[in-house]
Amino acid sequence: MKKFLVIGNPIEHSLSPKLHNYWIKSNNLKAVYDKKKLEISELENLIKEVKEKKIDGINVTVPFKNSVIPFLDKLSNEAQKTQSVNTIYLRDGMVIGHNTDIEGFELAIKNTNYDIVGKNILILGAGGVSPSIIVALNNMNVKKIFISNRTQSKAENLKKTFNEIEIIEWGTTPDFDMVINATSLGLKKNENIILDYSKISSEQFFYDVIYNPSETNFLQSARKNGNRTENGKKMFLYQAQASFKIWNNLDPQVDEKVMELLN
Ligand code: ATR
């Protein structure tokens, strides 16, 4: 029986077990996928269990995507560049940290059929997920990436790795084609993001990494303004699909049934 885990803190609301267990069942695999709430001091011992083959794979979520790195033997290029690990597995006796959020975001955008090549993108937030989005956007050949974060020093830190990004003051609205909410604002019902709608036309695309709630105030205001919107559900599905593929050597289906599982 293979054993997989998602670790984070908090973890109660993670939909990864539901999704992975569905795929495990539909592919007739002998495996189980659990969630585990951890303290940072427990990371090292848990990773050892991967080395000892007691655990076959781990998904890492907030707040451990970076803090797990010292306990791994090797990082993939994607994990190295973003300093963010969401997928752990054993290969040739080494515990590897990889990042499938990049692939998840790329596939989600491709799935929307939005023609992102040559576009100006505004990312709101310089937290854990932003490096993955930057790498994905660069892979998809966008023209320019603006970053705006409440705490500007965090945006400046990102610029040390991604010199091509331009920092925009929090609360100002530059000229963009697509805006991505990569903050945690919107997880709670009453949270809003201030944008100057007089500078926004209905051609602009609004993307939110958040998928629960399925429509944040950020997306709702945009929809009412006539803009195209997309939440983070497909990104979540595709990052999970990529992890599943690495661990089980199988490509699980992302179809309507799977989409409904997460409603
Ligand atoms: P971390 O900051 O630890 O990486 P995260 O969940 O990955 O945590 O990121 C949270 C993001 O949401 C950050 O960009 C954060 O902005 P700060 O860097 O200024 O903290 C942003 N965020 C959270 N609450 C916010 C708020 N009330 N107003 C503006 N931005 C907020």
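## Exercises on loops, strands, helix packing and cores

Thr-172 has its place in the loop between β9 (166–168) and β10, where helices (H or I, at least four residues) and strands (E, at least two) are DSSP runs numbered from the N terminus. The model is predicted, and local features need pLDDT of at least 70, side-chain atom pairs count only at pLDDT 80 or more, and totals for chains, interfaces and linings use all residues. Residues are numbered from 1 along each chain as its sequence is written, and side-chain values use heavy atoms, with hydrogens and water left out.

**Exercise 1.** Determine whether Thr-172 counts as buried, partly exposed or exposed, and state how far Thr-172 and Asp-196 are apart in sequence and in space.

*Solution.* Begin with the classes: buried means under 20% relative accessible area, exposed over 50%, and partly exposed in between, with a 1.4 Å probe and protein chains only. Thr-172 has 36% relative accessibility and therefore counts as partly exposed. Next, take the C-alpha to C-alpha separation, which is 7.4 Å for Thr-172 and Asp-196, although their positions lie 24 residues apart in sequence.

**Exercise 2.** Place Lys-37 in its strand, classify its exposure and list its contacts beyond four places in sequence.

*Solution.* Lys-37 belongs to strand β2 (residues 31–37). Its relative accessible area is 49%, so Lys-37 is partly exposed. Contact means heavy atoms within 4.5 Å, and with neighbours within four places in sequence set aside, Lys-37 is in contact with Gly-8, Asn-9, Ile-11, Glu-12 and Glu-42. Asn-9, one of these partners, is joined to Pro-10 by a cis peptide bond with omega of about 5°, and Pro-10 is found in the loop between β1 (2–8) and α1 (16–26). A cis peptide bond with omega of about 5° also joins Val-62 and Pro-63, and Pro-63 is in the loop between β3 (57–60) and β4 (74–75).

**Exercise 3.** Describe the packing of helix α4 against helix α5 by angle and distance, then give the handedness of the crossing and the residues that meet.

*Solution.* Two packed helices are described by the angle between their axes and the distance between the axes. Axes are lines fitted to C-alpha atoms, for helices over the stretch in contact, and angles run from 0 to 180 degrees between N-to-C directions. The axes of α4 (residues 101–112) and α5 (residues 130–139) come within 8 Å and cross at roughly 50°. Angles under 35 degrees count as roughly parallel, over 145 as roughly antiparallel, 65 to 115 as roughly perpendicular and the rest as oblique, and α4 and α5 are therefore oblique to each other. The crossing of α4 and α5 is right-handed, a term for a near helix turned clockwise from the far one by less than a right angle, whereas an anticlockwise turn is left-handed. From α4, Asp-101, Ile-102, Phe-105 and Glu-106 meet Ser-132, Ile-133, Val-135, Ala-136, Leu-137 and Asn-139 of α5. By class, this contact has six nonpolar, two polar and two charged residues, where Ala, Val, Leu, Ile, Met, Phe, Trp, Tyr, Cys and Pro count as nonpolar, Asp, Glu, Lys and Arg as charged, and the others, Gly among them, as polar.

**Exercise 4.** Carry out the description for α4 and α8, starting from angle and distance.

*Solution.* α4 and α8 pack at an angle of about 130°, and their axes are 7 Å apart. That makes α4 oblique to α8, and the crossing is right-handed. The contact includes Phe-105, Leu-107 and Ala-108 of α4, together with Met-235, Tyr-238 and Ala-242 of α8, among others. Its residues divide into six nonpolar, four polar and three charged.

**Exercise 5.** Identify which members of the largest nonpolar core touch the most other members, and which element gives the most residues to this core.

*Solution.* A nonpolar core is a set of buried Ala, Val, Leu, Ile, Met, Phe, Trp, Tyr and Cys residues joined through side-chain atoms within 4.5 Å. The largest such core has 31 residues, of which Phe-105, Leu-137, Met-178 and Ile-180 touch the most other members. Elements that each supply at least two residues include α4, β7 (120–124), β10 (178–181) and α8 (233–248), while α5 gives the most, with five residues. Beyond four places in sequence, the contacts of Met-178 include Phe-105, Ile-109, Leu-122 and Tyr-207. A second, separate core of 21 residues includes Ala-31, Tyr-33, Tyr-89 and Leu-237.
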